[in-house]
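Here are some exercises to work through with the model open beside you. Try each task before you read its solution.

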Amino acid sequence: MAPEPDPASMTHLPLALKYRPATFADVISQEHVTRTLSNALARGRTAHAYLFAGPRGSGKTTTARLLAKALNCDRGVSGEPCGECDNCLSIAAGRSLDVIEIDAASNRGIDDIKELREAVKYAPAQGRFKVYIVDEVHQLSKDAFNALLKTLEEPPRGVVFVLATTEPHKILATILSRCQRFDFRPIPLEAIRGRLASIAEREGIRLDERAEFAIAKKADGSLRDALSLLDQVVAFGGDSIDLATLRRLIGVPDEERYLELTEVLATGDAAAAMRFVRELREAGYDLESFYAGLLEHLRDCLLFAVGDGERWAEVPERYHGAYASTAETLGAEGLLRMLTLATEEEQAFRRSSQQDLVLEVLLVRLALLDRTVDLDRALQTLGAQAGGSRAARSPAPRPAPRSSAPRAGAAGEPARDAAAEPAPRPRGTSGSGPAAGPLTLESLLAAWDEVVEEVLAARPTVAASLKEARPSACRDDGVTLTLPPQAEWKLEQLSARGMLDPLAAVLARRWGFHGRIRVEPGGGSEPAVAPAAVVPPRRERPTSREIEAGAIDARLQGDPLLRQVVDLFDASVVRVRPSS
Ligand SMILES: Nc1ncnc2c1ncn2[C@@H]1O[C@H](COP(=O)(O)OP(=O)(O)OP(=O)(O)O)[C@@H](O)[C@H]1O
Ligand SMILES: [Mg+2]
Ligand SMILES: [Zn+2]
């Protein structure tokens, strides 16, 4: 129940109270309930007992009070209470003698209900109806339930019961059958976000769209929780809240963090996955919220992978491209396996006294999970072997800073098939030592994967973003990197101060380059034209549908290298990723 506002703090009335809807029309996302009630009121056909079932903070108590107001409004019973008469005002303030709110959680015994049964006999004091609102009714003891049932069986005239519960399955069928039931829905993320936006505006709080999303997501269907979070955030940050502070405060890492993580996982780089946990901890994130967010993120990716367009609204639009490309890279089965593993480990994680360790192990397992990823990498390793340069035969674990296989789809670039790549790329021994000649676009493009790899050691999350960028121009005074459309949201990250320092260091070391580095959005166009020499020829790869149709065999036939890999690992080809 809403606490009585303390007069001393009246100026800081909690937002959830301040913005408690005063009319049915103001109750959001429960139209199926409010419309029916409003119609019944207008026609004078209300029931004696209602059951309001639904998740916390979704408007049950609010709607029950509105019903009480409408039944007792001085201006007569109609579809909406006037909200201004004595009865409406005293009910809204919780002062009415005719509206009795009982918290079943603290009055769960038979005596309480017996008392209620006595009281029920007396006529309303001020209005036409006495309205009993029994909150958390599922908590009543069995005897109390039975006593309540007697009252419901022969309700005295002028009495209306509203039983509210978050756990309707715990309510006896005999009670259920006496009530008209309404199921309140968890409030959809988008509706919470909209409400937050309008309340923030009325309160003069500056809140950007992503902050609204972060709060709405955390509130998980409860508008009350959303408004309490907003209270907290304002108390901490004042009227203007920057996103980083907000996320820290409510303990929610942002979508971008998770997208970075899925990218790291997609590269199969176990070392980077471990570094990720360390970075999280150092940034002060709460690992439990992180874990919960991880499950949600994987699920969101899966929604994109299976094309559940309706639910995409749960992801801010600016990230849709990134989610779609992550989904494509990891694939539905891959994501499903990841989600399954993460879900299985959740209990162990929660119980553990060394959560960072458990999380680290989980991320490493996730990074190594997808065998199709391993195949890509193995192909590359073998490709290098075939070229006679690398001798390492054992494919895993991969020594830390090695270039990972470029992945189709992830970067919006043409898939580059390392195995089929004839041109030996300038592989500096782990990239040390300056390359010959001045920095040119051509040399930068050719060495880009290695450059990114070197940044990876210093700043994994930056490297993950750079991996998506392509050098598009190179002059004496500066280098320009272009982000493909689906990665444009990274512009902000990469443009932040100091983010490109590790990259600058690499360029300086390799080419003695000391100019500026700019990052720009690529717009709708393909990344800048690369000289033909450095873009390896694309090989025809079958689409997944072709594979389903049995094209795997054909692929194996025509690809001795792939056969070799399959033999080597005693593996089978599950899927071959289409090349763009
Ligand atoms: N559907 C809604 N429309 C508008 N505001 C809502 C809605 N649901 C909740 N709120 C806001 O959240 C506050 C709490 O809602 P309410 O007390 O009605 O939730 P409840 O469903 O009774 O939750 P609980 O199960 O925890 O008792 C309200 O004062 C209001 O500010
Ligand atoms: Mg309630
Ligand atoms: Zn009124």
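**Exercise 1.** Find which residue of β3 is the bridge partner of V99, then place the pair in its sheet.

*Solution.* Start with the pair itself: V99 is bridged to V131 of β3. Next, widen the view to the strands, which are DSSP runs of E with at least two residues, numbered from the N terminus. β2 and β3 (residues 130–135) are joined by five bridges in the parallel sense; strands count as paired if DSSP finds at least two bridges between them. Now add the other strands: the open sheet has five, ordered β2-β3-β4-β1-β5, with parallel pairing. Its edges are β2 (99–103) and β5 (180–183), each pairing on one side only. Finally, neighbouring strands are turned by 15° against each other on average, direction ignored; such angles run from 0 to 180 degrees between N-to-C directions, with axes as lines fitted to C-alpha atoms, for helices over the stretch in contact.

A word on the model: it is predicted, local features need pLDDT of at least 70, side-chain atom pairs count only at pLDDT 80 or more, and totals for chains, interfaces and linings use all residues. Residues are numbered from 1 along each chain as its sequence is written, while chains are lettered from A and ligands numbered from 1 in the order in which they are written.

**Exercise 2.** Work out which residues come nearest to ligand 1, and which helices and domains supply its shell.

*Solution.* First, 23 residues surround ligand 1, and R20, G59, K60, T61 and T62 come nearest (near: C-beta atom, placed from the backbone, within 6 Å). Second, α1 (15–18), α3 (60–72) and α10 (223–237) each give at least two residues to this shell; helices are DSSP runs of H or I with at least four residues. Third, domain 1 (7–183) and domain 2 (189–250) each contribute at least three residues, with bounds from an automatic or database domain assignment.

**Exercise 3.** Describe how α13 packs on α16.

*Solution.* Begin with what to look for: two packed helices are described by the angle between their axes and the distance between the axes. For α13 (residues 270–282) and α16 (residues 355–369), the angle is about 145° and the axes are 8 Å apart. Then list the contact: α13 gives residues including F276 and V277, and α16 residues including L359 and L363 (contact: C-beta atoms, placed from the backbone, within 7 Å).

**Exercise 4.** Why is one side of β6 and of β8 left without a neighbour in the sheet?

*Solution.* The open sheet runs β6-β7-β8 with mixed pairing. β6 (470–475) and β8 (516–521) are at the edges with a single partner strand each, so one side of each has no neighbour in the sheet. From one strand to the next, the twist averages 25°. Now zoom in: β6 and β7 (residues 478–483) pair antiparallel over five bridges, with C474 opposite V479. Two residues separate these strands in a hairpin.

Methods:
Two residues are in contact if their C-beta atoms, placed from the backbone, lie within 7 Å.
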